[in-house]
Every structure is written in structure tokens, then in C-alpha cells.
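Biologist: I'd like to learn how to read a structure like this one, feature by feature. Could you show me the chain and then start with the cysteines?

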Amino acid sequence: MGKTLALLVSFCLGIPGLGIPAWSHDIYEVACCAGRDCRPIPASDVTPTKKGWLVRATGEIISYDTWPLKRSPDGQFHRCAAFNDFGPKGRTKCLYVPDMGE
């Protein structure tokens, strides 16, 4: 139990040298995240289309000109999912996208 707790604390704090990132909720808007429903995602989880970003897990298209699309402040993709459901039935609340060299 002690090792599990230490690993969890290390994960939350992002202790240097362990190779475990700290995921700060400071970058997420409250309306998107509610302090728990957002996380970084790989770029391969989304695809640009003519109409917007395709969220591969759900099949949703987040239009390029809608509120749920946000500029990522750290250059990475992040997804906020309703009720923390990142599976195929989840709904994307916000999608943070890095600048794409416009």
C-alpha cells in the first residue's frame, strides 16, 4: 500500500527524475473541466477534417469556429469529456488544440 501511495503522490506532483508528468488543471477553463474531466491526449487521437477536428474515440467533429474548441497554451492536445468518459460513448466538452503554424 505504501508504494502505491508514493507512486500516486509522485504522479500527482510530477516529481522530477521519475519520468511521470504532472497534469495541471490550471490551463483548463472551469466550464470545460470542472477540475476533473480534462487530460492530455496524443495528436493521433484527433484528425483535422474540412468541417473541424474529428475526435477519433467518439466520432464527434468539433467545428473550427465553435466554443468547445480552445487554443492549447502548452502546444499539446487536451480533451475534456463529460463525466470523465473518454470512451466511445463520451461527449467532448472542450478540445484544446495547439497552434498549427498559421
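Modeller: Sure, and here's the general idea to begin with: a disulfide is called when two cysteine sulfur atoms lie within 2.5 Å of each other. One caution is that this is a predicted model, where local features need pLDDT of at least 70, side-chain atom pairs count only at pLDDT 80 or more, and totals for chains, interfaces and linings use all residues. Residues are numbered from 1 along each chain as its sequence is written, and side-chain values use heavy atoms, with hydrogens and water left out.

Biologist: How many disulfides does a search of the whole structure find, and what pattern do they follow along the protein chain?

Modeller: The search turns up two. Counting the bonded cysteines along the chain, the pattern is 1-4, 2-3.

Biologist: Which cysteine forms a disulfide with Cys32?

Modeller: That's Cys94, with the two sulfur atoms 1.8 Å apart. The torsion about their S-S bond is about -70°, so this disulfide is left-handed. The pair links distant parts of the chain, 62 residues apart: Cys32 sits in helix α2 (residues 30–33) and Cys94 in strand β7 (residues 92–97). Those labels are DSSP runs numbered from the N terminus, helices being H or I with at least four residues and strands E with at least two.

Biologist: And which residue does a disulfide join to Cys38?

Modeller: Cys80, at 1.9 Å from S to S. This link is right-handed, with 105° about the S-S bond. Cys38 lies in strand β1 (residues 38–41) and Cys80 in strand β6 (residues 77–81), so the pair ties together parts 42 residues apart in sequence.

Biologist: Why does Cys33 have no bond to the closest cysteine sulfur?

Modeller: Because that sulfur, in Cys38, is 3.6 Å away from the sulfur of Cys33, which is too far for a bond.

Biologist: Cys33, buried or exposed?

Modeller: The idea is to look at relative accessible area: buried is under 20%, exposed is over 50%, and partly exposed is in between (1.4 Å probe, protein chains only). Cys33 comes out at 2%, so it counts as buried. Cys38 is buried too, at 7%, and Cys80 is at 0%. Cys32 and Cys94 are both buried as well.

Biologist: What about nonpolar side chains in general?

Modeller: In soluble globular proteins, they tend to be buried together. To find such a group, we take buried Ala, Val, Leu, Ile, Met, Phe, Trp, Tyr and Cys residues joined through side-chain atoms within 4.5 Å, and call the set a nonpolar core.

Biologist: Which residues make up the largest nonpolar core here?

Modeller: There are nine: Ile41, Val46, Trp53, Val55, Ile62, Leu69, Phe77, Leu95 and Val97. Strands β3 (52–55) and β7 each supply at least two of them. Apart from this core lies another, of seven residues, with Tyr28, Cys32, Cys38 and Cys80 among them.

Biologist: Where does Val46 fit in, and what is it in contact with?

Modeller: Contact means heavy atoms within 4.5 Å. Leaving aside neighbours within four places in sequence, Val46 is in contact with Ile41, Trp53, Leu54, Val55, Arg56, Phe77 and Leu95. Val46 belongs to strand β2 (residues 46–48) and is buried, at 5% relative accessible area.

Biologist: Now the sheet. What is the order of the four strands that form it?

Modeller: For pairing, DSSP has to find at least two bridges between two strands. Here the order is β1-β6-β7-β5, in an open sheet with mixed pairing. Strands β1 and β5 are at the edges, each pairing on one side only. Strands β6 and β7 run antiparallel and are joined by four bridges; His78, for instance, has Tyr96 in β7 as its bridge partner.

Biologist: Lys70, buried or exposed?

Modeller: Buried, with a relative accessible area of 12%. Lys70 is found in strand β5 (residues 69–71). Not counting residues up to four places away in sequence, Lys70 touches Glu29, Cys32, Cys94, Leu95, Tyr96 and Val97. That list includes Cys32 and Cys94, the left-handed disulfide pair.

Biologist: And which backbone oxygen does the Lys70 side chain reach?

Modeller: The one of Trp67, at 3.3 Å.

Key:
A polar contact is a pair of N or O atoms within 3.5 Å; within protein, one must be able to donate a hydrogen and the other to accept it, and residues adjacent in sequence count only if both atoms are side-chain atoms.
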